[in-house]
Amino acid sequence: MKPKIYSYYESVQLRPQDEQFACANVWKSTWEAQGWDPVMLNRSHAQGSPLHLKLMTKLTRLAPVLPNELQNNFAFICARFSRWCALHAAGGGWMSDYDVANVSFTPQLAEEVEKTGSLLLLSGQPSYIFHTTKEMCAHVINTILSNDLHVGGVLKNEDDIFNESGKLDKIETNLIHAKLENNIPKSQYLKNILNII
């Protein structure tokens, strides 16, 4: 049985849905090619966590005190933190953003990396890939609930919130995280790099 890689999708009005689906299709095909079973989670999965309502309450209370730039991106912030609830409800495991292509991150390599900790994140940036157990996922959500999520109007990165995490930086070379470059959509950026027509 192939191990699962999860991603999380919420429809956000500011994002063109066809572009999000195009990214998700590249995500799915590249992870499948490396031996994974890609599974897309959504808000209904997040609501399956008993901690989801508490998280949404915290984020709703946070919204009015955020600077305008973060208020304008509030739907993205909610999705960024809701994905932890979706992963909690799914039982933990690996999760990546759906604009992350897998070029050489195999399940065998993942097994080795998993031995380094029960919460694995990227450092110094938003974690576009992470791994955790179901129990640690609940701890993560409770940590989100009891901590400030921004400092000086800047949203904290996950590794700043969860200081007991292990680091995933060594696997970044196995992945391609899409960038917005020269007004090229992220899906096209991935296709160009991967030579997909």
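Is His 131 buried or exposed? At 8% relative accessibility, His 131 counts as buried, and the views below start from the whole chain before coming back to that residue. Keep in mind that this is a predicted model.

**View 1. The whole chain, to get your bearings.** What you have here is a chain with 9 helices and 10 strands. Its C-alpha atoms fill a box of roughly 45 × 40 × 30 Å, taken along the principal axes. For 197 residues, a compact globule would have a radius of gyration near 16 Å, and this chain agrees, since it has 16 Å. Of those 197 residues, 48% count as buried. Take the contacts with a separation of 6 or more, and you'll find that 77% of them come from residues 24 or more positions apart.

**View 2. The outside of the chain.** About 9900 Å² of the chain is exposed, and carbon and sulfur atoms supply 51% of that area. As for charge, there are 18 positive and 20 negative ones, and the mean positions of the two sets are 4 Å apart.

**View 3. Trp 36 meets Trp 94.** The structure holds 9 aromatic pairs, and this close-up picks out one of them. The ring centres of Trp 36 and Trp 94 sit 6.4 Å apart with their planes at 80°, so the pair is edge-to-face. Where do the two residues come from? Trp 36 lies in the loop between α1 (17-33) and β2 (37-41), while Trp 94 belongs to strand β3 (residues 92-96), so the pair ties together parts that are 58 residues apart in sequence. Both Trp 36 and Trp 94 are buried.

**View 4. Trp 94 again, now with Phe 105.** Trp 94 also forms an aromatic pair with Phe 105, and this one is edge-to-face, with 5.1 Å from centre to centre and 75° between the planes. Here strand β3, home of Trp 94, is linked to the loop between β4 (100-102) and α6 (107-114), where Phe 105 lies, and the two residues are 11 apart. How buried are these two? Trp 94 has a relative accessible area of 3%, and Phe 105 has 0%, which is under the 20% cut-off for buried. Step back a little and you can trace a cluster: ring pairs link Trp 31, Trp 36, Trp 94 and Phe 105.

**View 5. Back to His 131, and who it touches.** His 131 lies in strand β6 (residues 129-133). Which residues does His 131 touch, not counting those up to four places away in sequence? The list runs through Gly 93, Trp 94, Glu 114, Ser 118, Leu 119, Leu 120 and Leu 168. You've already met Trp 94, the buried member of strand β3.

**View 6. Ile 144 in helix α7.** Look for Ile 144 in helix α7 (residues 134-146). With a relative accessible area of 0%, Ile 144 is buried. Setting aside its neighbours within four places in sequence, Ile 144 is in contact with Leu 55, Lys 58, Phe 81, Trp 84, Leu 149 and Phe 162. Thr 106, on the other hand, is 30 Å from Ile 144, C-alpha to C-alpha, with their positions 38 residues apart in sequence.

**View 7. Lys 54 in helix α3.** Lys 54 is found in helix α3 (residues 52-62). Is Lys 54 buried or exposed? Its relative accessible area is 52%, so Lys 54 counts as exposed; the cut-off is over 50%. Follow the chain to Leu 66, 12 residues away in sequence, and the C-alpha atoms of Lys 54 and Leu 66 turn out to be 19 Å apart.

**View 8. Leu 109 in helix α6.** The last stop is Leu 109, which sits in helix α6. Leu 109 is partly exposed, with a relative accessible area of 29%. Not counting residues up to four places away in sequence, Leu 109 touches Ser 104 and Asn 174. If you look for Val 65, you'll have some way to go: the C-alpha atoms of Leu 109 and Val 65 are separated by 42 Å, and the two are 44 residues apart along the chain.

Notes
Residues are numbered from 1 along each chain as its sequence is written. This is a predicted model: local features need pLDDT of at least 70, side-chain atom pairs count only at pLDDT 80 or more; totals for chains, interfaces and linings use all residues. Side-chain values use heavy atoms; hydrogens and water are left out. Helices (H or I, at least four residues) and strands (E, at least two) are DSSP runs, numbered from the N terminus. The radius of gyration is taken over C-alpha atoms; the globule rule is 2.2 Å times the number of residues to the power 0.38. Buried means under 20% relative accessible area, exposed over 50%, partly exposed in between (1.4 Å probe, protein chains only). Contact means heavy atoms within 4.5 Å. Accessible areas come from the Shrake-Rupley method with a 1.4 Å probe; for residues, only the protein chains shown count as cover. Lys and Arg count as positive and Asp and Glu as negative; His and the chain ends are not counted. The place of a charge is taken as NZ of Lys, CZ of Arg, CG of Asp or CD of Glu. Rings of Phe, Tyr and Trp (its six-membered ring) pair if their centres lie within 6.5 Å; planes under 30 degrees apart count as stacked, over 60 as edge-to-face and the rest as tilted.
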